[in-house]
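Please open the model in your viewer and keep the selection panel at hand. The tour moves from the whole chain to the ligand and its surroundings.

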Amino acid sequence: MIDYNKIRVEISLDNLAANVRRFQGVCGAVIPVIKSDAYGHGLAEVARTLAGEGVTTLAVGYVNEAVKLRCLGWTGRILALLGPVDEADAAALWEHDILAAIANMDQFDRVAGAARTRGRLDICLKFDTGMRRLGFRPEGLAALVDALRANPALSPVMASTHLASADVPEQEANVSMQAGRFQSVLDGLEQAGYAVEANIANSAGAMAHKACRMDSMRLGIAMYGANPFHGTAWEERGRGLLQTMQVSAPVLHVHTLRQGEGVSYGWTHVAERDCEVAVIGVGYADNYSRSLSGRGFMNIKGRRVPILGRVCMQMTVVDVTGLMGEGLGDGPSPRPGVKPGDRAWLLGGPAPGTITPEDLAGWWGTIPYEAFCLLGMNPRSHGK
Ligand SMILES: *Cc1c(COP(=O)(O)O)cnc(C)c1O
């Protein structure tokens, strides 16, 4: 958490709730994913909002995050997607009633060992159907079933797998293949007498692939208002989600950059003609990436203003010529002017220049997930 700066992150909990409602009823139970401080939106506030929407299970990554969520007063089910990493994590599963994903025999043995003294435990079995990151391979199911039979205190209540390319239309066949492998795992578990709640879909999986809407789904990025299909042939399927995060910083200084003058470190931008520039109090120390140098835009009073030259540690320069002086400018009239103390929006801001997560991530050279997690480390407020 950065706490000395002047950047402000505003979270709309109403928009987040509306995004969740879009999935409820379509996908069985919706399990919102609030790992990494709810993708930078705030674990406590987002959990409270989701409780109000009738959600009964929340997913986080590490067991530590699950413990934190429990200590905040969440009484529903908590799924820790990464499972126990050490003995302390394993103990916490009993102490705080956490459902952990178990993805390999080391994790299995760790909880099986703890179960000998602590007693019964519900677990989620995580399978690797193609992501090649975490999970038991389907070929190993027989050995896993043997281990379950030998450890009756461990009760598998959920089975999960994660899609590698649900948001890539060209890789639709991979999704079907992963779904097929997962179904064979579920059939094998059922034959062995284990009835589990099954989930495979993330946001994109649930939006694009009906076969992936199983007993439940794990909803992440779409809840935070980003379109997982942005820039693809399926872009239309992800439209209409509401923006949940807006970020602004103050104008520190406004001055004229004369023709031929360079601006900011290295003079990577040289003015072709006289222009008005504003220095904004935000930089890479606030997780506003230096890779936005000379590429990105901000939004001041509804107008898009381009970044000039390099993003600095705590400052970024933008061209506000179009907002200044007499006349109509190139946007809605009249020119509103810019002065120190005005706000510049890095994300969101007033129409028509509203900056979407996809816009910002595109200039940044990343995806909305990363922009949310990084910008969300700044001081935040939560409102409607
Ligand atoms: C983060 C995560 C999700 C959510 O994915 P989105 O693409 O954000 O919807 C779902 N499942 C697992 C295992 C995850 O780690």
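**From the whole chain to the ligand**

Select the protein chain first and colour it by burial: of its 384 residues, 53% are buried, and please keep in mind throughout that the model is predicted. Switching to a cartoon, you can trace 11 helices and 18 strands along the protein chain, while the C-alpha trace spans about 80 × 40 × 40 Å along its principal axes. If you draw the contacts of the protein chain with a separation of 6 or more, 64% of them join residues 24 or more positions apart.

Next, show the accessible surface of the protein chain, which amounts to about 16,600 Å², with 51% of that area belonging to carbon and sulfur atoms. Then select the charged side chains, where you will find 37 positive and 39 negative ones, the centres of the two sets lying 2 Å apart.

Which residues should be selected around the ligand? They are Val-33, Lys-35, Tyr-39, Leu-81, Lys-126, His-162, Asn-202, Ser-203, Arg-218, Gly-220, Ile-221 and Tyr-369.

Within this selection, begin with Lys-35, which places a polar side-chain atom 2.6 Å from an oxygen atom of the ligand. Move on to Ile-221, where it is a polar backbone atom that lies 2.7 Å from an oxygen atom of the ligand. Turn then to His-162, whose side chain has a polar atom 3.5 Å from a nitrogen atom of the ligand. Finally, select the ligand by itself and display its surface: on its own the ligand has 390 Å² of accessible area, and the protein covers 92% of it.

Conventions: Residues numbered from 1 in each chain as written. Predicted model: local features only at pLDDT ≥ 70, side-chain atom pairs only at ≥ 80, totals over all residues. Heavy atoms only, no water. Helix = DSSP H or I, 4+ residues; strand = E, 2+ residues; numbered from the N terminus. Buried < 20%, exposed > 50% of the residue type's maximum accessible area, 1.4 Å probe, protein only. Contact = heavy atoms within 4.5 Å. Areas by Shrake-Rupley, 256 points an atom, 1.4 Å probe, with all protein chains shown as cover. Lys, Arg positive; Asp, Glu negative; His and termini not counted. Charge placed at Lys NZ, Arg CZ, Asp CG, Glu CD. Near = heavy atom within 4 Å. Polar contact = N/O pair within 3.5 Å; in protein donor to acceptor, adjacent residues only side chain to side chain.
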